[in-house]
Amino acid sequence: MASLPSVAVTRTLKLDPDFRKHPTVEKSKHLISEKSDTDPFGWKFRNKVGGLPRSTFNDERGDEPQIAIQIFQEMLEAGAYPTNYTLGTALNACSSLYSVMLGKQFHAYIIKYQIDFDTSVGNALCSFYSKLGNLESAIKAFQRIREKNVISWTAVISACGDNGEAARGLRFFAEMLTEDIIPNEFTLTSVLSLCCTMLSLGVGAQIHSLTIKLGYMSSLPIKNSIMYLYLKCGCISEAEKLFDKMETFSLVTWNAMISGHSQMMDFAEDDLSAYRSGCEALNIFFKLNQSGMKPDLFTFSSILTACSRLVAVEQGEQIHAQIIKSGFLSEVVVGTALINMYNKCGSIEKATKAFVEMDTRTMILWTSMITGFSQHGQSQQALQLFEDMRLAGVRPNQITFVGVLSACSHAGMVKEALSYFEMMQKVYKIKPVMDHFACLIDMFVRLGQLNEAFDFIKKNDFEPNEFIWSLLMAGCRSHGNLELGFYAAEQLLKLKPKDTETYVLVLNMYLSAGRWKDVSRVRKIMKEEKLKKLHDWSWISIKNKVYSFKPNDKSHFHSADIYKLLENLLDQVKSLGYESLETLEVTNGDEEKTYSSTAYHSEKLAIAFALLNTPNAAPIRIIKSIFMCRDCHNFVKFISLLTAREIVIRDSKRLHKFVNGHCSCGEFSCLF
DNA sequence: CTAGGGTTAG
């Protein structure tokens, strides 16, 4: 180990007196015992217990990095020399405080004494910059280390992973191997985590055999990481094999299982298995509770996300109660997941209540709430909240602006949308991405301003993606501008989308225009691309039991009653002005059963079932595997008016909350 | 001085 040059260091590291006012320190106030102006670092507390609280020296919650820094300063004032190890520990305290300013002072000190080549100091600098989100500086710190050890390599690899550059992390790992450095358990768990984010089962399996070769398979973190990798890559049986073989569990094991199943919902082969994955996440969560182990913030945020995907608000509410009891409600990630759960289940009121009660508001929390208002069609509230966020001094990101722009689009606020679009680029230096363009195109399309939409594309010089072309095509179709519609359809086909729903849209447009040649051409492409068939499924959960419906489903016990009620409802809503769109549309892309009457789409059956089996005023919540067709959307609006029920349907594209004959989506579905 | 599990999007 390199030692420090013997230079008098007294008072060379002068802490900025204002450092306590740094917002991150402000946020950590609760960590400081009996804070007062004359005793900002809790000296009284230290004196009372006759020494430092134990937690100062470990990594658990409740450690007090301010005290560590204060002692470091005291040490310098006393004329003692820090060792390279002391400096590393002090830098760690800076990381815990997320204090850029303080850390940079340490860095300046390190540069002054020319010890950045030292292994321990360099390692600490690398992870400090990584935690602040400054990957380039972290890599520079790593590169200046003269003798890089396994810790240095692990630090730089996980720095890449933590800052969204997993592939770069893998390249460092490869380089490490060529330098003949043997990875340890820490390195391999980091590398496995990279494979998880990249969903790279190939590399992951190689790492798996490497861990066996190196004899690390007894390590619990290693086992957890491998199990999680298989889960995330969809190899459930492999993951379960490992899980069953494990004699010891940690909470991380449970959490990996829960979040693995929850995330699998997004990658599942078909919608039914996605739904089952979500239910499995809930089952594992219940088993965890029975095991006597206490869930933590990771558990709660994963399970709430599973609930939101399942639109399982009853289960979500029970978990909410458990969170209150266990004291995790103040954790901002849990709060964010909770707000998101209520939003996705159509309960904007409960989401708002949870938001108001949060005392820490991160950018993601603000963004979730803004997006929630936007998805519920409450554009004014979304924009007001965005202004509040700016006033609170929180910097919005790309996703925040997706929420803001979609709020404008929803309300047809062209002027405001364009001004926020400009603000995003000029004030916040955020480059627009496809989602931002999509919001603006969506706005023009909803207003029927198709030429403006095409002009916008030309003016902004970008290549629209599948989603935007399908918006344009659908808009052209519903506003009767067939020429532009055909053009958009051709652009769409050129992109060869992998999404069956998109082809169904194209097919329907050609069908309704009677362009049979194009119809068969599109069908041929669909066959060539070997696209999955679409299945129109709806699910509803009543009293903890799940019922699923497919179109024209007659398999249910109450089938006759369901159809009788549906006929009856049809008659009633017709008298209220509902006209069924009798056009037969392609709903599944299946050669055999190309046409299916809209009259018995799955959500209609699910609603009839819910009306028969739930109390009079109870809201109805349905999850649907594909997007709602125009006819169903219109029908459900009338049903909500007729029955005075709140009906929430989450389809594959967005949230629809029907109240008194209106839908929160702002007639988005009428395009399709 | 280095690890495994978590939150926002059309």
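Reader: Hi! Before I dive in, what do buried and exposed mean here?
Author: Buried is under 20% relative accessible area, exposed is over 50%, and partly exposed is in between (1.4 Å probe, protein chains only). This is a predicted model, where local features need pLDDT of at least 70, side-chain atom pairs count only at pLDDT 80 or more, and totals for chains, interfaces and linings use all residues. Residues are numbered from 1 along each chain as written, chains are lettered from A and ligands numbered from 1 in written order, and side-chain values use heavy atoms, without hydrogens and water.

Reader: Great. Is Asp 180 buried or exposed?
Author: Asp 180 is exposed, with a relative accessible area of 66%. Its phi is positive, about 65 degrees, although Asp 180 is not a glycine.

Reader: Where does Asp 180 lie?
Author: Asp 180 is in the loop between helix H9 (166-178) and helix H10 (185-198). Helices (H or I, at least four residues) and strands (E, at least two) are DSSP runs numbered from the N terminus.

Reader: Nice. And what about phi of Ala 644?
Author: Ala 644 is another residue other than glycine with a positive phi, near 55 degrees. Ala 644 sits in the loop between H32 and E6, and is exposed too, with a relative accessible area of 57%.

Reader: You mentioned E6. How are the faces of that strand covered?
Author: Strand E6 covers residues 647-650. Ile 647 and Ile 649 are on one side, Val 648 and Arg 650 are on the other, and all four side residues are buried. In general, side chains in a regular strand alternate between the two faces of the sheet.

Reader: Which sense does E6 pair in with E5?
Author: Parallel: strand E5 (residues 620-624) and E6 share 4 bridges. Strands pair if DSSP finds at least two bridges between them. Opposite Ile 649 in E6 stands Ile 622.

Reader: And with E7, which sense is the pairing?
Author: Antiparallel there, again with 4 bridges between E6 and strand E7 (residues 655-659). Ile 647 has Phe 658 of E7 as its bridge partner. With 4 residues between them, E6 and E7 form a hairpin.

Reader: How many strands are in the open sheet?
Author: The open sheet has 6 strands, in the order E2-E1-E5-E6-E7-E8, and its pairing is mixed. At the edges are strand E2 (545-549) and strand E8 (662-663), each pairing on one side only.

Reader: Switching topic: which residues touch the most other members of the largest nonpolar core?
Author: Those are Phe 106, Ile 319 and Leu 472, in a core of 164 residues. A second, separate core has 33 residues, including Ile 607, Ile 639, Ile 649 and Phe 658. A core here is a set of buried Ala, Val, Leu, Ile, Met, Phe, Trp, Tyr and Cys residues joined through side-chain atoms within 4.5 Å.

Reader: Are Phe 454 and Trp 469 buried or exposed?
Author: Phe 454 and Trp 469 are both buried.

Reader: Last one: where does UniProt place the PPR repeat?
Author: An unreviewed UniProt entry puts "repeat: PPR" at residues 149-183, 362-396 and 499-533. UniProt positions use the numbering here, feature names are shortened, and annotations may be inferred rather than shown by experiment.

Reader: How much helix is there over residues 149-183?
Author: Residues 149-183 are 74% helix and 0% strand, with the end C-alpha atoms 10 Å apart. Residues 499-533 are likewise 74% helix and 0% strand, and their end C-alpha atoms lie 10 Å apart.
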